[in-house]
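Reader: Before I rely on a model at the bench, I would like to learn how to read its features one at a time. Could you take me through this one?

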Amino acid sequence: NFIYNFTSNVRSKELLETTCRLANTLKSHEIKKGDRVAIYMPVSPIAVAAMLACARIGAVHTMVFAGFSSEALAAKIQDAQCKAVITCNQGVRGGRLIHLKSTVDAAVRSCTSIQHIFVSQRTEQPVVMGELDVPLDEMMSQHASVCPPEPLDSEDSLFLLYTSGSTGKPKGIVHTQAGYLLYTSMTHQYVFDYRDGDVFGCVADVGWITGHSYVVYGPLCNGATTVLFESTPVYPDPGRYWEMVERLRINQFYSTPTALRLLLKYDDCWVKKYDRSSLRTLGSVGEPINHEAWHWFHSVVGEGRCPLVDTWWQTETGGICIAPHPLEEGAPIIPAMAMRPFFGIQPVLMGEKGETLTGDSVSGALCISQPWPGMARSIYGDHQRFIDAYFKVYHGYYFTGDGAHRSEDGYYQITGRMDDVINVSGHRLGTAEIEDALDEHPAVPETAVIGIPHDIKGEGESDTPHIDVNSHHPVWSISQVVKRLPKTRSGKIMRRILRKVVLETTNDLGDVSTLDDPSVVKEIVETYELYRKDREKKK
């Protein structure tokens with residue numbers, strides 16, 4: 001595995017030349033402005049160059065995480081009607097080889113729109129070239145290192161990025177040129193306190209929106225040194241992140257609660273053996289961070305001296321919308337709280353009847369009342385679905401799908417997805433809050449809490465735990481322990497699958513293409529069946 005970083009003007013020139021050669025290669029194969037190009041590549045300089053090459057000629061890239069199945073890749077190619085795929089022969093992750101080209105070959109058998117498959121050599125494994133295949137490295141060497149950028153309108157499409165839907169096909173979120181780039185560059189600078197000369201370390205895969213915004217577009221727009229991390233947090237050992245921090249002198253480190261919860265299980269010596277004095281800002285992204293992980297990240301990794309910014313945003317928002325930074329001198333950062341809206345973001349909390357909740361110390365559905373530069377413009381090919389999903393629930397507001405609490409001081413705490421909020425005798429409880437409490441127990445590495453219907457109380461809870469409801473309060477009574485939770489490849493728990501298991505409706509799981517390992521569903525179903533039968537015997 002490699003850790004790549006663009007570290008100087010020489011490297012910046014090299015990236016530009018690589019981008020231009022790749023752009024000219026695409027043009028020579030009749031890829032033009034408006035064409036959609038799928039990119040199925042590991043985290044690497046050539047993947048970044050592929051994104052930028054598409055942008056340079058006005059083609060619309062759709063990056064697909066290089067771990068998705070051929071069926072998932074095919075679905076995205078078909079929806080976008082991509083004209084070409086850019087891939088590698090293989091990927092390398094956590095000491096394992098991933099056969100990318102064979103996955104692409106299987107996918108494009110059902111994709112009639114594909115005219116070319118551009119293949120780069122990541123490893124020495126030779127590729128048997130087919131009729132559609134183009135040897136990318138060889139072709140790039142034959143093209144000029146200068147490619148004039150295509151003139152584009154500010155609202156021309158820059159990329160599509162697919163997110164999973166609870167039902168139906170994935171949603172191709174559309175982001176456009178100028179607004180997205182403005183927003184990612186500003187949030188990168190102000191949320192993380194980026195300064196000229198800093199080394200910015202976001203360990204997300206470029207296949208996700210975090211990698212788009214804070215590995216590629218935001219940092220490079222600001223002229224930053226950006227780190228590309230291809231490995232896993234524990235390969236070859238749990239000190240991998242911190243060895244990288246010491247070696248590259250990273251100033252900002254941006255990771256996920258999932259990775260942090262994994263790492264805090266190991267002895268702190270894996271952190272402390274490396275020099276982390278270069279760190280100035282820590283960041284968390286992906287889901288609300290629990291208190292245990294926050295304090296470990298802040299006190300052990302950051303030595304108690306680095307501000308830790310818990311960032312809230314979505315694929316659809318393009319960039320960070322709520323975070324502790326920027327803040328005034330001496331202003332507090334509250335642990336495990338996103339806190340402050342970014343410039344131009346106007347959060348609104350909505351009640352169950354669609355009313356705007358005013359004042360502080362209130363909880364409701366998190367909406368945004370005014371547009372901002374980085375917001376998505378549509379769902380590709382289905383603008384009505386975009387309107388229905390994000391603007392119809394609360395008319396005139398962008399509905400995030402998340403719940404939030406506004407404190408007495410006016411700060412925002414994300415309480416989790418609204419479909420993960422439980423209603424007990426009229427009291428709404430965020431699953432993130434319950435999970436945070438459960439995760440404090442040393443015997444509990446990770447939890448997922450869901451709500452299920454209750455004839456009298458509304459909803460109780462189940463999954464890894466089940467909560468029976470007595471009186472007006474949820475009372476813990478039953479736990480179901482599983483070996484693994486169903487997670488997406490970006491580390492998020494798919495709680496709707498757990499709910500379907502408990503409600504015994506697993507015949508219709510919806511879109512599960514983002515699951516890291518689909519076999520986990522079978523494991524949980526079998527465990528639940530044993531639990532259910534045992535409970536029936538006791539009755």
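Author: Let us begin with a single residue: at a relative accessibility of 36%, Arg-249 counts as partly exposed, because that class lies between the buried limit of under 20% and the exposed limit of over 50%. Please keep in mind throughout that this is a predicted model.

Reader: Where does Arg-249 lie, and what is the sign of its phi?

Author: Arg-249 belongs to the loop between α8 and β13 (252-255), and its phi is positive, about 55°, although the residue is not a glycine. Ser-361 can be read in a similar way, since its phi is near 60°, again a positive value in a residue other than glycine. Ser-361 sits in the loop between β18 and β19, and with a relative accessibility of 41% it counts as partly exposed.

Reader: Which peptide bonds from a residue to a proline are cis?

Author: Among them is the bond from Tyr-235 to Pro-236, which is cis with omega near 0°; Pro-236 is found in the loop between β12 (225-229) and α8 (240-248). The bond from His-325 to Pro-326 is likewise cis, with omega near 0°, and Pro-326 is placed in the loop between β16 (322-323) and β17 (340-341).

Reader: Turning to the whole chain, how many helices and strands does the protein have, and what share of its residues is buried?

Author: The protein has 15 helices and 28 strands, and of its 539 residues 57% count as buried. Its accessible surface comes to about 22,700 Å², of which 52% belongs to carbon and sulfur atoms. Contacts can also be sorted by separation along the chain: among those between residues at least 6 apart in sequence, 69% join residues at least 24 apart.

Reader: What should I look for in the interior?

Author: In soluble globular proteins, nonpolar side chains tend to be buried together. Here the largest nonpolar core has 103 residues, and those with the most contacts inside it are Leu-22, Leu-26, Ile-77, Ile-86 and Tyr-217. Helix α2 (residues 45-57) supplies the largest share of this core, 11 residues. Because domain 1 (12-152) and domain 2 (173-417) both give residues to the core, it lies between them.

Reader: Which residues are in contact with Ile-86, apart from its neighbours within four places in sequence?

Author: With those neighbours left aside, the contacts of Ile-86 include Leu-22, Leu-26, Val-37, Ala-38 and Ile-39, together with Phe-118 and Leu-136. There is also a second, separate core of 29 residues, which includes Phe-253, Ala-259, Leu-282 and Trp-296.

Reader: Is Trp-294 buried or exposed, and what does it touch?

Author: Trp-294, placed in helix α11 (residues 291-301), has a relative accessible area of 5%, so it is buried. Not counting residues up to four places away in sequence, Trp-294 touches Ile-289, Leu-308, Ile-333, Pro-335 and Ala-336. Sequence and space can also be set side by side: Trp-294 and Met-337 are 43 residues apart in sequence and 9.7 Å apart in space, C-alpha to C-alpha.

Reader: How do I read the sheets, and which strands stand at the edges?

Author: One reads the strand order, then the pairing sense, then the edges. One open sheet of 8 strands has the order β8-β7-β4-β2-β3-β9-β10-β20, with mixed pairing. β8 (133-135) and β20 (378-379) are the edge strands, each with a single partner strand, so one side of each is left without a neighbour in the sheet. β10 (residues 171-176) pairs with β20 in the antiparallel sense over 2 bridges, and Ile-173 stands opposite Ile-379 in β20. Helix α4 (residues 100-108) packs on this sheet, touching β2 (36-40), β4 (84-88), β7 (116-120) and β8, and its direction makes about 160° with that of β4. Helix α7 (residues 209-221) also packs on the sheet, touching β3 (60-63) and β9 (157-163), with about 140° between its direction and that of β9.

Reader: What is the order of the open sheet of 4 strands?

Author: The order there is β18-β19-β21-β22, with antiparallel pairing. At its edges stand β18 (347-350) and β22 (412-417), each with a single partner strand, so one side of each lacks a neighbour in the sheet. The twist averages 45° from one strand to the next. Within this sheet, 6 bridges join β19 (residues 362-368) to β21 (residues 398-406), and the bridge partner of Cys-367 in β21 is Phe-399.

Conventions: Residues numbered from 1 in each chain as written. Predicted model: local features only at pLDDT ≥ 70, side-chain atom pairs only at ≥ 80, totals over all residues. Heavy atoms only, no water. Core = buried A, V, L, I, M, F, W, Y, C linked by side-chain atoms within 4.5 Å. Buried < 20%, exposed > 50% of the residue type's maximum accessible area, 1.4 Å probe, protein only. Domains from an automatic or database assignment. Contact = heavy atoms within 4.5 Å. Areas by Shrake-Rupley, 256 points an atom, 1.4 Å probe, with all protein chains shown as cover. Pairing = 2+ DSSP bridges. Axes fitted to C-alpha atoms, helices over the stretch in contact; angles between N-to-C directions.
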